[in-house]
Amino acid sequence: MITREDYFEDILAFKDKQIIKVLTGLRRCGKSCLMEQIIEKFLSEGISKSQIIYYRLDDLENEELLDYKTLYKTVTAKLLPKKMNYIFLDEIQFCPDFQKAVDSLYNKKNTDIYLTGSNSDLLSSEIATLLSGRYVPIEMQPFSFTEYLKARNENQLPTEDKEQCYYDYVRYGSLPFTVQLKNDERNTNQYLNGVYNTIILKDISARHQINDIPSLEAVIRFMFSNTANICTSKKISDTLTSGGRKTSQPTVENYMHYLEECFMVYKVGRYDIKGKEYLKTLCKYYIADTGLRNMLLGYRNIDTGHILETLVFLELKRRKYEIYTGKIGDMEIDFIAKTPRSITYIQVAESVKEQTTLDRELKPFTKLHDSYPRLIITQDKTLNEDYAGVKHLNALDFLTGREL
């Protein structure tokens, strides 16, 4: 169980602050483990066990706490009057109306509250409204490639060949538990299938009362197979209808939103560089985990270029860039990666060894009229460090920490 340093820093920045820390992210991305690690760190720093109140609400022995009034009374009975109390409530969504208990606990001056749970419940608009201004969401993702390499080492898998590790990372995905399965395809698929079905049945279908599961799964399959592509509800609806599964455009729009809500996919908007305006149409979507994609669609016919673009997007997101797809005339730039102080234009391609591919990737940059950095990320091992001001970066170097 490796330490997720970046998330530790994000959470500890709010330690002892009167704000509720809400850990969100794809199911099984490591939220519960991170909570346990935080508790261990607090204990190692001298905080006493009596100051820490921890309940996992998906545990049968805590079933009585699924009543929010009982939860509140149980926690308040353990509060120490003259010390800070650290309250950890894992899988909080199992308690209906939990926000009422959490809100009342928040109003006490000596409480520091940490929550995890299913994303669709924790981030639903009604709960966000009730806890408005009182919580900070800390979004977790599955393992980065760097974390994956560390986890392989701890699980006694070879890490000498970074390129082979990358292909394993793409094949089996980045959910932490898959590393422990040591590239066992059968067991990994069985595990990922369980995660997938939990998301479909609990986070989406049950919450939103969806009866037509086959249509929902058809939308998921379409979006998984079109990661890093422009996806519209009309295109998906037309495709499903032509295939004999009539699904209305509004229904598809709802399904797409639910997939975003539980972090199975990420939506990336477009920015018109020349017109300097954000566009509301023709957004791209990126899957959160390639292992789930491969479990559902199979390992053959993988579009390796779009998978690489997906992994670059996820790494940019981990590094907290604000990300858009760039439109410049009738051409596209894969990513505009923004920080409060800078902008970087990025193209992603599996290789630019062929001159025609290189010319195609460089052409949108020639239309730019500012001095912000331009970058091509590829898997090429032989790099030309500079194409008339455009920097060339190896993808594995970037995924293992090299800055833009």
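Helices (H or I, at least four residues) and strands (E, at least two) are DSSP runs, numbered from the N terminus. What you have here is a predicted model, in which local features need pLDDT of at least 70 and side-chain atom pairs count only at pLDDT 80 or more, while totals for chains, interfaces and linings use all residues. Residues are numbered from 1 along each chain as its sequence is written, and side-chain values use heavy atoms, with hydrogens and water left out.

Let's start with the overall picture. The protein's secondary structure adds up to 17 helices and 14 strands. Its C-alpha trace spans about 70 × 50 × 45 Å along the principal axes. The radius of gyration, taken over C-alpha atoms, is 23 Å, which agrees with the value near 22 Å for a compact globule of 404 residues. That globule rule is 2.2 Å times the number of residues to the power 0.38.

Now for the inside and the outside. Of the 404 residues, 52% count as buried, meaning under 20% relative accessible area with a 1.4 Å probe and protein chains only. The protein exposes about 19,300 Å², with carbon and sulfur atoms supplying 47% of it; this area comes from the Shrake-Rupley method with a 1.4 Å probe. Among contacts (heavy atoms within 4.5 Å) with a separation of 6 or more, 67% are between residues 24 or more positions apart.

Next, have a look at the open sheet of nine strands. Its order is S6-S8-S7-S9-S10-S11-S12-S14-S13, and the pairing is mixed. Its edge strands, S6 (229-230) and S13 (386-387), each pair on one side only. Two strands count as paired if DSSP finds at least two bridges between them. Strands of a sheet pair through backbone hydrogen bonds, either parallel or antiparallel.

Both senses turn up in this sheet. S6 and S8 (residues 277-287) are antiparallel, with two bridges, and isoleucine 230 has lysine 284 in S8 as its bridge partner. S7 (residues 265-272) also pairs with S8 in the antiparallel sense, over seven bridges, and here tyrosine 271 is matched with tyrosine 278 in S8. The hairpin of S7 and S8 has four residues between the strands, and lysine 276 takes a positive phi near 55° there. For a parallel pair, go to S11 (residues 343-348) and S12 (residues 374-378), which share four bridges; valine 348 has isoleucine 377 in S12 as its bridge partner.

Strand S3 (residues 85-90) is worth a stop too. Six of its six residues are buried, so S3 is largely enclosed by the rest of the structure. Asn85, Ile87 and Leu89 point one way, while Tyr86, Phe88 and Asp90 point the other way, and all are buried. S3 runs parallel to S2 (residues 52-56), to which five bridges join it, and isoleucine 52 stands opposite tyrosine 86 in S3.

Finally, two loops deserve a backbone check. Most residues other than glycine have a negative phi, and most peptide bonds are trans. Arginine 28 has a positive phi of about 65° although it is not a glycine, and it is found in the loop between strand S1 (20-25) and helix H2 (31-44). Phenylalanine 263 also has a positive phi, near 65°, and sits in the loop between helix H13 (249-261) and S7. Phenylalanine 263 counts as buried because its relative accessibility is 7%.

Terms used: Buried means under 20% relative accessible area, exposed over 50%, partly exposed in between (1.4 Å probe, protein chains only).
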